Amino acid sequence: QWLRMTPTRLRRMNGLSSNWKIRMGKKIRLSFSRVSKSIFIQKRIDYHKKIERAFFSKFMVSHVKRHRLKRGENLWTLLVQIYKVPIWLFRRYNMGKKTRRIVVGDELVIPVVQRR
């Protein structure tokens, strides 16, 4: 939508099937033939700010917890199922850590949230 192109065209540009789902960290090719890169980036920033505002209108970070990743754990399960923290908030508290490179033994800072 931000590029003013259909998902079908975007999938075709990237050689992807119609049932393909975007994975976190997956790079895809974009076309800026209908919208400038700067407008696209601004729309993306505005979208993410809106998500953050909606989140912080309902929740607040009460404290942080340090968690050493153990064998058998993965970041997705830890954030979504156990701590119920969005990945963007986790990234804010773990600047410099590449989410795809987190391994067993890494110490993570988990923001603990509570309802307002």
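A residue is called buried here when its relative accessible area is under 20%, and exposed when that area is over 50%; both words are used in this sense throughout this tour of a predicted model.

Begin by selecting helix α3, residues 75-83, and show the side chains of L75, L78, L79 and Y83, which are the buried residues of this helix. Turn the view until you look down the axis of α3: the buried residues fall within an arc of 85°, so they line one face of the helix. An α-helix has 3.6 residues a turn, so residues three or four places apart point the same way.

Next, keep that buried face in view and add β1 (59-68), α4 (87-93) and β2 (107-115), the elements against which the buried residues of α3 pack. Then move to the face of α3 that is turned away from the buried side, where you will find the exposed residues W76 and Q81.

Now go to the ends of the helix. At the N-terminal end, select N74, which caps α3 through a side-chain oxygen that lies 3.1 Å from the backbone nitrogen of W76. Following α3 comes K84, and its phi is positive, near 55°.

For the last stop, select S31, which sits in the loop between α1 (7-13) and α2 (37-58). With a relative accessibility of 13%, S31 counts as buried. Display the side chain of S33 as well, since the side chains of S31 and S33 make a polar contact of 3.1 Å. Finally, add L3, M5, R9 and M13, with which S31 is in contact once its neighbours within four places in sequence are left aside.

Conventions: Residues numbered from 1 in each chain as written. Predicted model: local features only at pLDDT ≥ 70, side-chain atom pairs only at ≥ 80, totals over all residues. Heavy atoms only, no water. Buried < 20%, exposed > 50% of the residue type's maximum accessible area, 1.4 Å probe, protein only. Helix = DSSP H or I, 4+ residues; strand = E, 2+ residues; numbered from the N terminus. Arc of directions from axis to C-beta. Contact = heavy atoms within 4.5 Å. Polar contact = N/O pair within 3.5 Å; in protein donor to acceptor, adjacent residues only side chain to side chain.
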